[in-house]
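Me: I've got a model open and would like to go through how its parts pack. Can you take my questions one at a time?

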Amino acid sequence: MSRRLSVPRILWAGLASAALLLSGCAPAAAPSQPAPSAPAPTAAPAPTAAPAAPAPTAAPVVRPTATPQPTATATPVGSRVKKGGILLEALWAAPGDLDLLAATSMISLAPLALTYDGLVKEDPLKAGVIAPDLAEKWDVSGDGTKITFALRKGVTFHNGQPFTSSDAKYSVERWMKDSDQLAPTLGEVIKSVETPDANTLVLNLKFQYPDLFRSLILDWASIVPKGQPKGRDLKEVVGTGAFKFKSFESGVAYQVVKNDKYHNKDLPHLDGVTVYFLPDRNTGLAAFRAGRIDITAPVYFTVPQFKVVDSQMKGQATAYLYPNSFWWNIYLPMNKKPWTDIRVRRAVFMAIDRKQAMATVDQGLGSVDGVMPPNLGGYTSDELKKVPGWRDPKSQDIDEAKKLLAEAGFPSGFKTDIFYRTGGDYLNMATFVRDQLTKIGITATLTTRDGAAFYDYVYARSYDIHAHRHPFAPASPDTILAQYYRTGGERNFADVADSKLDALINKQMGILDPTERKKVVHQAEQYLYDNAEASIISWGAYSQGWQKWVRDFVPGQTIYDNLRLEAVWLDK
Amino acid sequence: MEELRPARPWSAHLFSFARANTLATGGALIAFVMIVLAIGAPVLAPRDPLKLFYGNEFLPPSGQFLLGTDDLGRDILSRIIYGARTSLYVGILSVFFGQVIGGLIGMVSGYFGGQTDTVIQRIMDIMMSFPTLILALAIVAGLGPSLENVVAAISLTQIPRAARVIRSTSLSEKESQYVDAARSIGASHVRILSIHILPQCLAPLWVLSSIALPTAILTEASLSFLGLGVPPPSPTWGGMLAGAGREYVEQAPWIGVFPGVAISLAVFGFNMLGDGLRDLLDPRLRGTR
Amino acid sequence: MTRYVVSRLFSAGLSLIGVSIIIFVLMQILPGDVARTILIGTSGEGSATPERVAALRHELGLDQPVHIQYLSWLVGLFRLDVGRSLTTGFPVFQEIQNRLPLTLELSILTVIFGTLLSIPMGVASAIRQNTWIDHLMRIISVAGIAMPIFWTGTLIVLVLAVGFHWLPPLGYVPPWRDPWANFQQLIWPALALGYYHTAVVARMTRSQMLEVLRQDYVRTAWAKGLRERVVISRHALRNALLPVVTLISIQFSFSVGGTVIMETLFFLPGIGKALVDAINFKDFPMVQTIIVLFAALVLIINLLTDLAYGALDPRITFK
């Protein structure tokens, strides 16, 4: 008898509606004119499947016209907003420096996002809806490659400096170059940034890109003053956001206070936010249960902790799951023996029981999806049932794997090594994979590195097998396909270098029509499975918890949105 | 004529010794059990310690899994038994190398004296001014965690103390009459060292080893706790405590409690064994136990 | 006497240089490239191009020859400026300054608990040898030596959190800002460590007392009809305590390693934890400086112990 928590129905309903919203919110940069039959962005021979007729496809989408500003009274709870109070947030480590634009992890994003605005944002009260922020209106031109933003006037930074388009230009250019999450897409898509006047910003794209706004609403896309120092050199946090920097004590807490001169006169409701650094998650959970923490940063709770909050704090607090917010991969460097032989790769891929992976390593919380989650155009679980690696009963996969190994010259298996990053969760997956491989006769040792040595090992591809987990913000299929599977992709840890695959990936990048795009994405996915170039094991869900007196906090579509907390208030 | 009393069988001596020193005997028994477990692990462990029993995660102790299962569904009893193997193997090996090498250094240093002695003692002092755990940490971190490196690190931390003690034995022995005599007939240094000095160092070495073994076991557990011990998938007691033991201390306390008990019992047992040995070899201390 | 102190300080200095060389060499052979780690971030997924790595290495002075790096560090030690931590960017000495109070406080609290509890325990055990007091004390001390400190710490956490639903104040508070909050935070790791100390020192105290109690001069004191308290305190204790003083100083240096474990277990931002983190990130200005600092502390404590020894025992003179 194992301890399984049945996730309550309300949660499933929430997840289902979130999924619906996500699938609904496809291309955000839908042009205000009919979809043209413009050629695809790369040398793909076939033109995009955009209809020649001017009628735009029925994209049930978020048209990026100006939406009204969220007003303070639009609270779904139905009671009046109470002003004041300091929100106490839990985070597991302190940021290494104060530069959000060069940061790579939630430990920087959660505290630093509080003091900035973006060009656009996700409506803090309605997940998935794009709302204006420092850009009041925007306009997409003819062929979808020129986007003109009308910037808000009269906004000042926290140090009194006025906000102009040159600050916006500087920020966008930094996003394109330095931002870990944004540079891979924005850097590839944006050709140039222009500032015709102090209140106008123009983005010239290399090709029409359906997911541009999806990237721009991430809190990573923060506007900073022009010429701000970078990395360690940045000594103070200056933004235009609802909160102003107050103090940062490494090892203790990061504090911000209300910005009285915020461009939205009704916000923020809180007097300030204090982000505590609580590396001991047991302490964090205890503090949360005792009511001494109001909200955790996303990712803070582990799976068992989420279950505890979910089951033992009903009515007192909400435990929320971000669906498909991380994924487990297994990388087999394709130019290393024995992975050069497609049969061996296939055997290893097939041998892993993905349902069991989720059950054991993530304790049942997560989803068994393919290379891409269904809401981004990936296979549904029904479609996956036919793919080797997901077949049920598992014995099919195991038997075929053994046969393949025998054919490839390893009738009694072979020895290999699994590399993982030092840390409990990573070790658990590596242990699981090791156990799974014994079923087809492969015995593996385990190797680990931490810190500096870990990155060295990864970049030198010193591993035989690397099992790893990546956080994922489902902005677009590119976030996966281009970075992990395209030749030379930043995170192509299996060194996949397949020009046919690259063609498919590039093709889907420029397709605006979601149905057509999905077709190509499917092709790419199937190609990955057929050629044993996929790395996916299973998907997991990061969680977040907040007390019942924290009002008007609506979790974003991804863990990286809606961390600015400007519309949150405390009902105390 | 007086009747000669029959001699008491040696077992009777043993029992009365045992009754007089309960703590020591208890400890020695525990140590013995640990050794048996370590040697006989493949036979004595009910299950494969590395195997994941899917669907059986987080089971409390029961008839089926005597000490319960951990977060991945592995049998804790088997892991503890194999953990004994690791701890004892590392402990005994590092004590062996540490004491032997340290002893040799000390013996030579004390015997030859002069510049060599000063230099060697200076180096030993430097090594001793490192807190033990930190020295072991730095070495394992530098070389990478593996069984061999952990043994090397712990051995290195033991060398200075052994060298110190044996050096003083060697110093006093070299003034003895036997050595004088041997030197006068022209015996070589090697001969003197091996025949006259070395045997005198053995008893202190035994005593030192008995003190060093429980410390070595503790150091290995500490290194595993900090993540720098013998690497997975081998089960180690410190590692079991550090990971799932700590994380699930509220929901599944048995995951962490049993390894902790195991470490404590092992250290206690070998400490008592060592105490007993010291009493036997160093009769001056007997009265003060 | 002064000459003794000076010569001890001098040899301590030599030892420290030796320590620093050993550690410097060890850090050089550690695998891993600090520049790459910084660019990538502590838990992130970033990318580090070869050009950026090379630029950062130059900026951090990592491309200079090894002996130059070592010498500039050594010189910096004397000027109390060894450059910046390679992971946080703040000056090493500032980091140490921020964290040293916690570690020192923890060590001192530990030794205080250890001594306050252990000496009476050991003495009581000795003067009531083989009674139930003796047995109880011996069991307590044997358990204390055997239980690993991280387990004792875990048990304490378990009892407090589960049994008493008690929580320490969030975020470390230094003692001068709020002594009560600070005490609440540090008492538990200090107790866990202190328990171990208690055990060791109590045992030593007991055996020392037993030996002393058998001495002739003590028997004379009894024969003279002096009361027990006078015999113990004036005659026996002083002599019994000499090796115990040495032991306490050894414990101090052990507690330095012990704080590494305690700070890791209780997530306290002290020097011990900083050291473990710095080792993992190959932040060698931090590692070198911290270890030399530890070694210096140990050497100074040894010197002070020897001096105390001399003060307690008039027979000892210093050459």
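Reply: Sure. One definition to start: two residues are in contact if their C-beta atoms, placed from the backbone, lie within 7 Å. Keep in mind that this is a predicted model.

Me: Which helices of chain A do the buried residues of H14(A) pack against?
Reply: H14 of chain A spans residues 478–485 and is mostly covered, with seven of its eight residues buried. Those buried ones include A:Ile480, A:Leu481 and A:Tyr484. Their packing partners in chain A are helix H4 (183–189), helix H15 (499–509) and helix H16 (514–530).

Me: Which strand of chain A gives the most to the largest nonpolar core?
Reply: That core has 168 residues, and A:Leu91 and A:Leu109 have the most contacts inside it. The top contributor gives 10 residues, and this is strand S12 (residues 317–331) of chain A.

Me: What is A:Leu109 in contact with, leaving aside its neighbours within four places in sequence?
Reply: A:Leu109 is one of the two residues with the most contacts inside the largest nonpolar core. Setting those sequence neighbours aside, its contacts are A:Leu100, A:Ala103, A:Asp219, A:Trp220, A:Tyr560 and A:Leu563.

Me: Are H6(B) and H9(B) roughly parallel or oblique?
Reply: Helix H6 (residues 132–143) and helix H9 (residues 189–225) of chain B pack with their axes 11 Å apart, at an angle of about 55°. Roughly parallel would need an angle under 35 degrees, and roughly perpendicular runs from 65 to 115. An angle of about 55° therefore makes H6(B), relative to H9(B), oblique.

Me: How many residues of the contact of H6(B) with H9(B) are charged?
Reply: On the H6(B) side are B:Thr132, B:Leu133, B:Ala136 and B:Val140, and they meet B:Thr219, B:Ser222 and B:Leu223 of H9(B). Sorted by type, that makes four nonpolar and three polar, and the count of charged residues is none.

Me: How many charged residues are on the side of chain C that touches chain B?
Reply: Chain C puts 37 residues into this contact and chain B puts in 31. Helices giving two or more residues on the chain C side include H1 (2–29), H8 (179–213) and H10 (228–266). By type, that side has 28 nonpolar residues and seven polar ones, and its charged residues number two.

Me: What percentage of the residues in chain C is buried?
Reply: Chain C has 12 helices and zero strands, and its C-alpha atoms fill a box of roughly 85 × 55 × 35 Å. Of its 319 residues, the buried ones make up 44%.

Methods. Residues are numbered from 1 along each chain as its sequence is written. Chains are lettered from A and ligands numbered from 1 in the order in which they are written. This is a predicted model: local features need pLDDT of at least 70, side-chain atom pairs count only at pLDDT 80 or more; totals for chains, interfaces and linings use all residues. Axes are lines fitted to C-alpha atoms, for helices over the stretch in contact, and angles run from 0 to 180 degrees between N-to-C directions. Helices (H or I, at least four residues) and strands (E, at least two) are DSSP runs, numbered from the N terminus. Angles under 35 degrees count as roughly parallel, over 145 as roughly antiparallel, 65 to 115 as roughly perpendicular and the rest as oblique. Ala, Val, Leu, Ile, Met, Phe, Trp, Tyr, Cys and Pro count as nonpolar, Asp, Glu, Lys and Arg as charged, and the others, Gly among them, as polar. A nonpolar core is a set of buried Ala, Val, Leu, Ile, Met, Phe, Trp, Tyr and Cys residues joined through C-beta atoms within 7 Å. A residue is buried if 20 or more other C-beta atoms lie within 10 Å of its own, exposed if 12 or fewer, and partly exposed in between; C-beta atoms are placed from the backbone.
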